[in-house]
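Here's a quick tour of one model, with charged side-chain pairs as the main theme. Have a look at the structure first, then read on.

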Amino acid sequence: MPHAPTSAPPPRTLRPAPRALLTTLLTVLALCAGALTAAAPAQAATSAWTPKPSPLTTPWTNQVPTDKPLNEYPRPQLTRPDWANLNGIWDFAVTAANAGQPTRWNEQIRVPFVAESALSGVKRQVNAGDKLWYRRTFTVPAGWNGRNVVLNFGASDWRTTVWVNGQQAGAEHSGGYDAFSHDITALLNRGGTNTVVVSVLDPTQSGGQAIGKQRSGPVEPHAGGGIFYTSASGIWQTVWLEPVAPAHITRLDMTPDLGTSTLRTTVRAAGANGRQVRVTVSTGGRTVGTATGTVGGALSVPVPSPHLWTPEDPFLYDVRAELLDGTTVTDTTGSYTGMRSIALARVDGVQRPVLNGEFVFQTGTLDQGYWPDGIYTAPTDDALKYDLQKHKDLGFNMVRKHIKVEPQRWFYWADKLGLLVWQDMPAMDLRTPDSAARTQWEAEYHEIIDEHRSSPSLVMWVDENEGWGQYDQARIADDVKAYDPSRLVDNMSGVNCCGAVDGGNGDVIDHHNYVGPGVTRPSASRAAVLGEFGGLGLRVQGHEWYPGGGFSYEDQPDAAHLNNRFTGLIDALRLQQMPAGLSASVYTEITDVENEANGLLTYDRQVVKVDENRVRAANQALIAASRGTPPRATLPTGGYKSLRVTTPGFTDRYLRHYDGLANTEPVTAASPALLKADATWKIVPGLSDSACYSFESRNYPGEYLRHREFRVHREAGDGSALFKADATWCAVPGEGGVRLMASNFPGQYLRHYNSEVWLATPGGTHAYDTPDRFTEDTTWAAENPWTP
């Protein structure tokens, strides 16, 4: 399996030395080693740089080197052996938005951490009228002579302009989530010191650009904020140099084709029109297939009997692309791919997403990608990997990256670890965007698709979320599908929420239900997915961003309740929702974020709140059930039955009504006729869902078993949709009987407790939710009626 190359470990911090001596020493070392070394800044800051204290400390906060943080190769799907990391300490200044380059640089910042973050060493609010300025010097290694030099930015939020040695490099770049590059060869002072200056303007929500969940405000922990978080302004991904041939490869577009056992590939290149290219796929040093074609043209590399990529077996092939001049290789890049397919298909009459032709339930979490120390930027590559690894540890097979786009190394880890990725396009502000904002947003979306279209883990693009900045939903979904037909498209996540408008197209119908899981049904052309649910909260003392300020969609009193409630929700998906047509679910969320306390982990990643073994087992059972015939339980309709308790020691008791309330009571042949009639129910198709059931009283026709405020009653219908839903129960398998789950509250069950009958919740906080004998108490045997 391929590994992305890394540079040498960063050196330990040197003791203070005279500036001239230090500059000379570092330059000599760089030339000897053939690697880039920072030269002295043109004008030093007034004091030595130090990080600021983080509101919460992650396990990696104190592992970030001052020089060359995030020193791993930043572009794993297009690698070359030579590169130079420009991360580290830069001079820094802030001016008014309309000002020119500053004349004084009184601060320093650690790149690539945003100015609002503690790890940057700045840690203060950036306002809409501010322009951020960065400056550093560098030398080009002598070993790069004869090659062009490209300056690469992983991402910078938002409008970025670059100068090298006083001359602007390329055009101004607009976009906070896509990578960009400038060929700076003509601007360089070869063999001497070069100065790069960068300006960034980021108006956050007062502009019209994509911002995701960023909102400008105080950077120190504070009350409020809700589901929006601290803004992230300026450079936030790796800045690096790379030597290339004048004609060189710039991108590989790779799409597996399992039908023909080939890897369809297009090689993009600069300065190489009409040139030939060769692509080779291999594994373990053994060539699997090779093909030759033209730059920009489609070619098919044979991959016979492909080893398929799946979450359980994320097998990756090595890929090599070569640019040819006749028979001479003039540029070579390394890459990798996974052979897999993703599509929509009808499975047992239901539209489902299929991976490699097989339906597998996609169970994942909402991943915001925020950090208390680095905000938008993970402190280290190990930290970036950690959240994805915890998904695997907890048994999830999918992750929804929520209205943020991560560095390419994040996709590398998802590819390598085996997680299906739903990638959101970051939303604009909540208001309806103007034409300029729309043009920018769509252009940036295309750039993001191009950057990540070769990642095997990425299986669905999510265009818009809950109507935020919504417009042209159907057109955009069609555009994305045409631009990348190899993946699924979600035109709107949360079409049932917050004024969202469903475009009516795309591959899925996506609902948000808190706590849920609610009811989402597929259509004839789209699969049903649950784009958000859950939000169970547990505040952990000592690990809160703003102590006492955390909120959730449903607070849990302790870890035991959290575990029972969470696994109850996953079980409801397995027992009811998945058999009824649901194909995927996204739990909110993997970690706490600022004042959101509904993570499975704390914001600082120091505490896993849930029992990993229980959560993993629940997820694995859900996935396994989707690969077989979904378990179903049925009841006969049109006739009478009596529902007997199956709890050991209470099996002589039956469900009956008394004064309009549901209870249980022993019933025998000698019992009074009234009791026998009260314990007899006519089973009819569900009033709100014919796939489920309603229970009509034998001696009070037209009155049904109905839950109201958790207590279960016998009540007459008023014809309302609410009554019909409350009086509908879905049968799921139970040991020795069936369990009756509320149609409109999946995961909550008809339960007897101290002879009373309640709508009970696994992990709930009421007395009747107690975990003791919960499954037995919610299982009923449908037997011959006491009153025929």
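## The annotated span

Residues 86–204 are 0% helix and 46% strand, and the C-alpha atoms at the two ends of that span sit 26 Å apart. Keep in mind that this is a predicted model. The span itself comes from an unreviewed UniProt entry, where it carries the annotation "domain: Glycosyl hydrolases family 2 sugar binding".

## Salt bridges that reach across the chain

How many salt bridges does a search of the whole structure find? It turns up 48.

Take R80 and D331, whose side chains pair up at 2.7 Å, N to O. R80 belongs to the loop between α1 (19–33) and β1 (84–85), while D331 is in strand β22 (residues 328–337), so this contact ties together parts 251 residues apart in sequence. R80 is buried at 6% relative accessible area, and D331 counts as buried too, at 7%.

## Two further pairs

R135 and D91 form a salt bridge at 3.0 Å, N to O. This one links strand β4 (residues 130–139), home of R135, with strand β2 (residues 88–96), home of D91, across 44 residues. Buried or exposed? R135 is buried at 10% relative accessible area, and D91 is buried at 2%.

K123 and E220 meet at 3.3 Å, N to O. K123 is in the loop between β3 (107–111) and β4, E220 in the loop between β12 (214–215) and β13 (229–230), 97 residues apart. Here K123 is buried at 12% relative accessible area, whereas E220 is partly exposed at 42%.

## A charged network

Salt bridges also link R251, D253, R268, D450 and R453 into a network.

How values were computed. Residues numbered from 1 in each chain as written. Predicted model: local features only at pLDDT ≥ 70, side-chain atom pairs only at ≥ 80, totals over all residues. Heavy atoms only, no water. UniProt positions renumbered as here; feature names shortened; annotations may be inferred. Helix = DSSP H or I, 4+ residues; strand = E, 2+ residues; numbered from the N terminus. Salt bridge = Lys/Arg side-chain N within 4 Å of Asp/Glu carboxyl O. Buried < 20%, exposed > 50% of the residue type's maximum accessible area, 1.4 Å probe, protein only.
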